[in-house]
Structures are given as C-alpha cells and as structure tokens.
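Open your viewer, keep the selection box handy, and let us take a walk through the chain together. At each stop you will find something to select and a note on what is there.

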Amino acid sequence: MASQAPRDSAAGRSGIDDRQPVLAVVGRPNVGKSTLVNRILGRRAAVVEDVPGVTRDRVAYDATWNGRRFVVVDTGGWEPDARGLAARVAEQARAALDTADAVLFVVDTTVGATDADEAVARVLHRSGLPVVLAANKVDDSRGEADATALWSLGLGEPHPVSSLHGRGSGDLLDAILEALPPAPRERFEEIDGPRRVALLGKPNVGKSSLLNRLAGTQRSLVHDVAGTTRDPVDELVTVGGETWKFVDTAGLRRRVREASGAEYYSSLRTAAALEAAEVAIVLLDASESLTEQDQRVITMVVEAGRALVLAFNKWDLLDEDRRLTLEREIVRDLGRVAWAPRVNVSAATGRAVDRLAPALRTSLESWGTRISTGRLNAWLGEVVAATPPPSRGGRLPRVLFATQAGVRPPRFVIFSTGFLEPAYRRFLERRLREDFGFAGTPIEISVRVRERGEKRH
C-alpha cells in the first residue's frame with residue numbers, strides 16, 4: 001500500500017515549499033478510522049485498539065499512492081454533541097477540517113448511518129471540501145448491499161472497504177487522489193504559527209506535570225504510575241511572553257519491543273511527535289542517576305536533527321551531595337551534548353520554568369544559523385593552517401573548501417583530496433562551536449573527496 005514517513009512540520013519554515021495536500025480522516029468513535037489510516041499508509045503507525053477513544057488527538061503522516069504524495073491526518077472520534085473529553089476530541093476533528101484539502105469520512109457499514117453520522121455529514125456539506133465516503137467493515141460481497149444505503153448521507157458514492165482485510169482499499173485510494181487537489185491551499189499558519197516543542201523523557205520523569213505547570217491548568221493526566229500518557233497531547237502555552245505549541249508525549253521505554261498493544265504504537269507516535277517538532281526539551285530526573293533510557297532519548301533528538309534543551313526536573317529535592325554527584329555524571333555521561341542549554345527546574349514548585357523560553361529561543365536561533373561561504377572558508381583556512389588533518393596511508397589530505405549545505409540543523413560539506421578521520425571532523429565541529437556558537441543544535445559535517453582532475457562548480 002502507500003508508504004509512510006513522519007511529517008516534518010518545520011518544512012514550512014525552511015523556505016522550500018514542499019507542502020503536500022492534506023486528507024483529514026473523520027468519523028464517529030470506533031468506526032475503524034485508525035485501522036484505515038494504517039491501511040492507507042501501508043504500516044501500523046496509528047494507535048489501534050478494539051475500544052472506542054484510543055485516538056484522542058490529530059496526528060499527521062506522509063503517504064504516497066501511485067507516485068503522488070499527500071498528508072493523512074488521523075483524528076479522534078467525532079461526536080457532534082459530545083461533552084467533556086469527547087468534546088475536545090470533536091474540536092480537534094473540526095480543527096482538522098480547517099487545514100484539510102479533502103475529507104475521508106468513515107462510516108461503519110455494519111451499523112449504518114446513525115444520527116451522529118448524519119450530523120457530521122451536514123457539517124461536511126457546509127465545509128465545501130471534497131468528501132470521499134468510506135463504507136468500512138465490508139468484509140465480503142454480502143456487505144456491499146448494506147454500503148449502498150449510505151447514499152442517503154448525500155455525500156456521493158459510498159466506497160466499500162475493509163480496513164481490517166484491505167478489501168477495496170486500492171479503489172478507495174484512487175478516489176482519494178481524485179478528490180485531492182494537485183497542491184494544497186494556502187495555509188499561512190504553517191509559517192507564522194507557534195514553534196513546536198516536543199517534551200520528551202523516560203516514563204514518570206514529570207513531563208505531564210511540567211506541561212500542566214506551564215499551561216496553568218490540568219491539561220495532561222498526571223499520576224504517579226509510569227505510562228499514564230498514551231497519546232501525544234498538543235497544548236498552546238505562553239512562556240516568556242511567547243506562545244509555544246508543546247507536545248507532551250508518552251514516556252519512552254528502554255526498548256520498543258518491551259511494550260505491547262497500544263503502548264507499543266504510542267512509542268512510534270512519540271517518535272513521530274519528535275519528527276514533527278522543531279526543538280525538544282528532554283526532561284531528566286535530577287534526583288536520580290542518569291540512565292541508559294535518558295541517553296537513548298537524547299540520542300533520538302540528535303539523530304532526528306532537532307534543536308535541544310536539557311531540563312533537570314525535581315531540583316527542589318536535591319541536597320548538596322546529590323548536586324555534586326550530578327555535576328560529575330553530566331561531565332561523564334553528557335559530554336557529547338555539552339552544547340545543549342541546561343535549565344534546572346521543578347515542575348512541582350514552578351522553580352525556574354520561566355527560564356525555558358530563553359533556552360528554547362537560543363537553541364532555535366542556532367538551529368537556523370547560516371554562515372556565508374566566504375566567512376566559512378576564511379575561518380576554515382585559518383583552522384587547517386594551524387592544525388592540518390592527519391595523514392592517511394602516508395598521504396596528507398588537503399582541505400580545499402567548504403560550504404554550508406543547509407540549516408535546521410546546520411549541515412556542512414567539506415571538500416578535500418582525501419579522507420578526513422572522524423577525530424578530525426570532531427575537532428572541526430568543536431572549533432565551529434567555539435567560534436560561531438551553535439548552542440542547542442546538532443551539527444552535521446560530511447566530507448566529499450574530490451577525485452584528481454575533478455573541477456569545482
């Protein structure tokens with residue numbers, strides 16, 4: 001089926017307009033929306049369980065069908081007259097329509113069109129968006145007759161499909177491509193909206209408590225049992241006079257395979273939340289020794305190329321001995337990310353949480369920093385003249401020039417006449433940071449060896 005990759009919301013800020021048309025998947029709870037999304041994507045990315053309400057927010061995935069790329073937005077079950085948590089879910093589904101170019105409306109054929117389905121159909125009529133009606137749970141030819149009854153919704157031809165078995169999914173995807181425009185409609189909020197912050201950390205480190213402290217409300221469910229948060233939760237909060245979009249994610253376990261069921265797929269959603277963010281706050285428990293889990297979370301952020309802030313939580317619980325021990329642990333275990341801003345906070349008391357905003361701004365500014373080619377090569381010439389690269393195989397490689405290939409994160413390409421040892425690349429990165437800053441962002445340095453006689457373009 002279609003291929004899937006996490007959606008990078010930072011693309012709208014990169015200056016390259018690679019946006020794709022957006023398909024919003026809506027419908028009542030437990031009609032099989034997430035299962036159908038997984039069928040469209042060709043992999044199990046959306047959290048699925050045979051109970052209503054597993055999906056509570058809206059999550060975007062990149063998909064491809066017959067060479068065309070588009071974005072699929074999975075939403076929570078839509079009950080138009082819902083209250084409480086169900087009302088927030090319905091609000092998320094309605095918000096998905098604001099950013100969609102077409103809608104996939106999923107109805108349970110075995111139940112038929114309910115009053116709630118008809119209410120949703122009326123909203124879709126008023127939206128003016130192209131709608132594809134999926135008559136789901138048609139597992140055999142006998143169910144196709146039931147699907148025809150959904151013409152009554154007035155949304156055009158019902159497309160019989162079985163999200164569980166894949167029956168009719170190819171025809172449904174063809175109909176989706178017909179409904180989607182070649183390019184998305186203008187959505188200025190993708191460029192001008194709040195910066196996205198992924199709140200990451202091992203289970204029970206205090207992520208939800210910190211989000212609630214920042215938001216000033218009980219936005220995320222908090223309990224002293226690890227793993228309370230299942231789905232990423234978006235929250236607009238004002239910190240340091242600026243609005244940020246925080247995503248509180250399910251705690252990452254030691255290894256994904258140790259999880260099961262919805263918990264396993266929540267870990268995949270957590271990784272997707274990181275991919276959709278621009279900067280990550282990795283929350284660490286200052287009252288406990290740094291663990292392998294902490295290291296894995298930090299590695300995820302660096303490998304994803306996202307800006308980084310380290311926040312040490314529960315600082316109010318530390319005595320002088322623990323603080324001295326923690327400093328030694330940081331030097332020993334976190335030396336590879338010594339460039340990341342560090343903030344010592346307490347989600348319980350609110351200590352220093354206002355210092356997160358300056359740290360986030362610093363990391364994001366570095367993440368988008370570009371050095372002119374002239375300045376970069378003048379710097380490189382001085383550094384290489386003072387400390388030439390080590391010889392390899394009896395030959396001394398000559399560094400020719402460098403260019404910055406991109407930002408977010410900063411990516412540099414160095415052209416030379418021979419291979420540059422990893423230790424020398426690390427030396428160049430260290431000097432880049434000393435001379436240009438880059439606090440809070442990973443740096444990627446690659447080397448291109450130019451063959452003898454190859455011309456520079």
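Two strands pair if DSSP finds at least two bridges between them. Helices (H or I, at least four residues) and strands (E, at least two) are themselves DSSP runs, numbered from the N terminus. This is a predicted model, in which local features need pLDDT of at least 70 and side-chain atom pairs count only at pLDDT 80 or more, while totals for chains, interfaces and linings use all residues. Residues are numbered from 1 along each chain as its sequence is written, and side-chain values use heavy atoms, with hydrogens and water left out.

**The whole chain**

Start with everything shown as a cartoon: there are 13 helices and 16 strands. Of the 457 residues, 51% are buried, where buried means under 20% relative accessible area, exposed over 50%, and partly exposed in between (1.4 Å probe, protein chains only). For contacts (heavy atoms within 4.5 Å), take the pairs at least 6 apart in sequence: 72% of them join residues at least 24 apart.

**Stop one: strand β2**

Select residues 22-27, which form β2; six of its six residues are buried. In a regular strand the side chains alternate between the two faces of the sheet. Here Val22, Ala24 and Val26 point one way, and Leu23, Val25 and Gly27 the other way.

Now add residues 68-74, strand β4, which runs parallel to β2 and is joined to it by four bridges. Leu23 stands opposite Val72 of β4. Add residues 102-108 as well: this is β5, paired with β2 in the parallel sense over five bridges. Val25 has Leu104 in β5 as its bridge partner.

**Stop two: His159**

Next, select His159, which sits in strand β7 (residues 158-160). Is His159 buried or exposed? Its relative accessibility is 18%, so it counts as buried. Show its surroundings too: beyond its neighbours within four places in sequence, His159 is in contact with Val132, Leu133, Ala134, Ala135, Leu172 and Ala175.

**Stop three: the β14-β15-β16 sheet**

Move on to an open sheet of three strands, in the order β14-β15-β16 and with mixed pairing. β14 (399-406) and β16 (444-449) are the edge strands, each pairing on one side only. On average, neighbouring strands of this sheet are turned by 25 degrees against each other, direction ignored. Angles run from 0 to 180 degrees between N-to-C directions, with axes fitted to C-alpha atoms, for helices over the stretch in contact.

Six bridges link β15 and β16 in the parallel sense. Label Val413, and you will find Ser446 of β16 opposite. Then bring in the helices: α12 lies across β14 and β15, running at about 140 degrees to β14. α13 also packs on the sheet, touching β15 and β16, and its direction makes about 130 degrees with that of β16.

**Last stop: the cavity**

Which residues line the largest cavity? Select Leu376, Trp379, Leu380, Ala402, Phe412, Ile414, Leu428, Leu432 and Ile445. A cavity is a set of points, on a 1 Å grid over the protein atoms alone, where a 1.4 Å probe fits but cannot get out, and lining residues have an atom within 4 Å of a point.

The largest cavity holds about 50 Å³ of space. α12 (373-386), β15 (411-416) and α13 (422-436) each supply at least two lining residues, and α12 gives the most, with three.

Technical notes
1 Å grid on protein atoms, 1.4 Å probe; cavity = no way out; pocket = protein on both sides within 12 Å on 5 of 7 lines; lining within 4 Å. Points joined across faces, edges and corners; volume = space filled by probe spheres on them.
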